[in-house]
Amino acid sequence: MSVLNNFTVSIAKGLRRLRSKEVPARRQHASKEQKLKMEKCLIVSKVTRYEYEKHSHDNISNWELEKILRNRGSDYDSMVSNHREQKSFEEDVAKALKEMGVKVEMASRLTYNEEMINWCDAVVPCGGDGTFLLAASRVRDANKPVIGFNSAPHKSVGRLCLPTWCSNDLKGALQALKEGKFRWMRRSRIRTTITSDPKLLDTITPVDLHTLHFCRYPPVSNQEDSQEAATRLNDAQEESKCGLATKVLPFLALNEVFIGESVTSRVSLLRLKIDDGKWAHTKSSGLCVTTGTGSTSWHYSINCLRTHSVLELMKILHEEYGVDLDTSLEKAREVTEKYNTKLMFPPDSEQLAYSVREYITFEEWPAPRGLRVRDRAEAVTVRSHCTDAGLVIDGSVSFPFNDGTQALLEIHPEDSLMTVQMDDALPY
């Protein structure tokens, strides 16, 4: 079994175990009223690579764009084919909804806004997990459902979307939703509260990472990159908290919040406080704070063990320390799966999980006492001492997060996302 297959199988098994633990709660939800109001639906479309390229080239003519892309060596024909397939799928969803008497509006990443969200009864992203995350991040109403269709089930899984059969049978899926053949499901989301100098607070505005080729935030000038300087600055801020201002970011993270330097080769200098613990200095490749939904994604990738690593450890214990162990490959796979499964937790959990990526330790910079580089928490507070950093929500929207800025990451039940789950098999 290849490393990739082993990795995929581990996630699949872990998800099945999570689902089996959720069965009692789901049955409880199923016993309640299952009506889904869908008189007005807002379809959120995926930005295809073709659309992205056209937007990036200031919406030039199709002929000019084709010439540029072909000269660059891009697979223009495949790009156009995928674009047409995506738009055709969105049109099929809209047509199926209209045939049911539903009013339909369409929105893209560039036009999706609060007014459109307030207008609809349900938000229907058509794409993959990225489009679902985009749609979910701006829905503030905990009772407004987000129901995603995977527009390319033959190419991607789309774990947040409805099962594959729903994409292949749009009318059947919509009829099943209308008849209540689903289970309500709530997914916790991360609320981010920023604290900063009042003059800087207005400059902390979102940057859409999917519509720009490259973006760098203005660097902080004359910064001393040392622990002593960071300590002095934080002590001064503690003494003058009355002069700081706060605001809640307008986006909720369904998967994760990542904080780190924009240039990946640069060390991220952050101070962390887990729950009500003490502040701890860290140097790393950044911080990832995730929900239960996101625990099967980036959090899992950062922290999971590989079978060959576990096998090597088992052999060391057996051969060099005399521990009586079965060092077969199958036993190593079993141990690996058990460890990796524990990284995942239910999507409705009110806990966060955090990971300090590639934590740097050496004699002059010891590991903070009491701080684990990976753990669960009720809240995580982060203070930046970076020069060109971003706070990125669900890998899509980034906010500048430079020296002196602080963020509180926590989960509130009223911020949860309402969505639905359906069986992997046809309901009829």
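How many helices and strands are there in the chain? The chain holds 13 helices and 19 strands. Keep in mind that this is a predicted model.

**The whole chain**

Start with the overall numbers. Of the chain's 428 residues, 50% count as buried. The chain exposes about 21900 Å². Carbon and sulfur atoms supply 50% of that exposed area. Now take the contacts with a separation of 6 or more: residues 24 or more positions apart account for 77% of them.

**Helix α6**

Helix α6 covers residues 129-137. It is mostly covered, with seven of its nine residues buried. The buried ones are Thr131, Phe132, Leu133, Leu134, Ala135, Ala136 and Ser137. What lies over these buried residues? The cover includes the three strands in this table.

| Strand | Residues |
|---|---|
| β1 | 40-45 |
| β3 | 122-127 |
| β19 | 417-421 |

**Ser151**

Next, look at one residue in a loop. Ser151 sits between β4 (149-150) and α7 (164-168). Is Ser151 buried or exposed? Ser151 counts as buried because its relative accessibility is 12%, and the cut-off for buried is under 20%. Which residues does Ser151 contact, leaving aside its neighbours within four places in sequence? They are Gln86, Phe89, Cys126 and Gly127. Cys126 and Gly127 fall within β3 (122-127), a strand that also helps cover the buried residues of α6.

Technical notes: Residues numbered from 1 in each chain as written. Predicted model: local features only at pLDDT ≥ 70, side-chain atom pairs only at ≥ 80, totals over all residues. Heavy atoms only, no water. Helix = DSSP H or I, 4+ residues; strand = E, 2+ residues; numbered from the N terminus. Buried < 20%, exposed > 50% of the residue type's maximum accessible area, 1.4 Å probe, protein only. Contact = heavy atoms within 4.5 Å. Areas by Shrake-Rupley, 256 points an atom, 1.4 Å probe, with all protein chains shown as cover.
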